[in-house]
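Please open the model in your viewer and keep the sequence panel visible. The tour proceeds by selections, each followed by a short account of what is found there.

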Amino acid sequence: MVVVVLAVVPERLRGHLTRWLMEISPGVYVGKVSARVRELLWEQIRENCKHGRAIMAYTTDNEQGLAFKTHGQEWEPVDYEGLTLIMRPNMSQTQQRNARRTDHTRRTDHTRRTGWSKASRMRRFGR
């Protein structure tokens, strides 16, 4: 069993995947293909994905019973004592803001501050 999830990819890649897998929801493909076809599909996805994101999960003979591959994701799979876990970046908005400026300089970037004011909520939720 193979599951592929795509986001922000060209239409031709989505069309190519429908030759081998069933599209059960926009950007979600499911099917049963051989390991060779699965690897060839992954190569096609990586070559044609450009700036999009892709995840492929498939059944395999290991402790978890599945394996997965990612492309264009901030979260990345990491092997931890035989188990595949997801490592995500640990950067909150405050940490990102602090990384852009040093303690010696004043605030020079013109990014909006996020907070709990009514104006901040309006900006955040687009109202």
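The stops below run from the whole chain to the sheet, its helix, the salt bridges and the surface.

**The whole chain**

Begin with the entire protein chain in cartoon representation, bearing in mind that this is a predicted model. Four helices and seven strands are present, and along the sequence they follow the pattern β-α-β-β-α-β-β-β-β-α-α. Of the 127 residues, 23% count as buried. The accessible surface comes to about 10,000 Å², and carbon and sulfur atoms account for 51% of that area. Among contacts between residues at least 6 apart in sequence, 35% join residues at least 24 apart.

**The five-stranded sheet**

Next, display the open sheet of five strands, whose order is β2-β3-β1-β4-β5 with antiparallel pairing. Which strands stand at the edges? They are β2 (22-25) and β5; each has a single partner strand, so one side of each lacks a neighbour in the sheet. On average, neighbouring strands of this sheet are turned by 20° against each other, direction ignored.

Now select strand β4, residues 53-59, and show its side chains. Ala54, Met56 and Tyr58 point to one face and are buried, whereas Arg53, Ile55, Ala57 and Thr59 point to the other face and are not. On one side, β4 pairs with strand β1 (residues 2-7) in the antiparallel sense over six bridges; Leu6 has Ala54 as its bridge partner in this pairing. The pairing of β4 with strand β5 (residues 66-71) is likewise antiparallel and spans six bridges. Two residue pairs to mark here are Ala54 with His71 and Ala57 with Phe68.

**Val4 in the sheet**

Select Val4, which is found in strand β1. Is Val4 buried or exposed? Its relative accessibility is 0%, so it counts as buried. Beyond residues up to four places away in sequence, Val4 touches Leu17, Leu21, Gly27, Val28, Tyr29, Ile45, Ile55 and Met56. A distance label between the C-alpha atoms of Val4 and Thr70 should read 9.8 Å, although the two are 66 residues apart along the chain.

**Helix α2 on the sheet**

Add helix α2, residues 35-48, to the display. Helix α2 packs on the sheet and touches β1, β4 and β5; its direction makes about 170° with that of β4. At the end of this helix, select Asn48. Asn48 is buried, because its relative accessible area of 17% falls under the 20% cut-off. With neighbours within four places in sequence left aside, Asn48 is in contact with Pro10, Arg12 and Leu13.

**Salt bridges**

The structure holds four salt bridges. Select Glu39 and Lys69, which form one of them, with the closest N and O atoms 2.7 Å apart. Glu39 belongs to helix α2 and Lys69 to strand β5, so the pair ties together parts that are 30 residues apart in sequence. Glu39 is partly exposed at 31% relative accessibility, while Lys69 counts as buried at 18%.

Then select Glu11, Arg14 and Glu23, which are linked in a network of salt bridges. Arg14 and Glu11 both lie in helix α1 (residues 11-17), three residues apart, or about one turn of the helix. The closest N and O atoms of Arg14 and Glu11 are 3.6 Å apart, and those of Glu23 and Arg14 are 2.7 Å apart. Glu11 is exposed at 59% relative accessible area, while Arg14 is partly exposed at 23% and Glu23 is partly exposed at 35%.

**The hairpin loop and a surface patch**

Move to the hairpin of β4 and β5, which has six residues between the strands; Gly65 there takes a positive phi near 85°. Select Gln64, in the loop between β4 and β5, which counts as partly exposed at 32% relative accessibility. Outside residues up to four places away in sequence, Gln64 touches Leu83 and Thr84. Gln64 and Leu83 are 19 residues apart in sequence, with a C-alpha to C-alpha distance of 7.1 Å.

From Leu83, extend the selection to Tyr80 and Leu85: these three residues make a nonpolar surface patch of about 280 Å². Leu85 lies in strand β7, residues 83-87, and is partly exposed at 40% relative accessibility.

Notes
Residues numbered from 1 in each chain as written. Predicted model: local features only at pLDDT ≥ 70, side-chain atom pairs only at ≥ 80, totals over all residues. Heavy atoms only, no water. Buried < 20%, exposed > 50% of the residue type's maximum accessible area, 1.4 Å probe, protein only. Contact = heavy atoms within 4.5 Å. Patch = residues over 30% accessible without salt bridge, like charges linked within 9 Å, V, L, I, M, F, W, Y side chains within 5 Å. Areas by Shrake-Rupley, 256 points an atom, 1.4 Å probe, with all protein chains shown as cover. Salt bridge = Lys/Arg side-chain N within 4 Å of Asp/Glu carboxyl O. Pairing = 2+ DSSP bridges. Axes fitted to C-alpha atoms, helices over the stretch in contact; angles between N-to-C directions.
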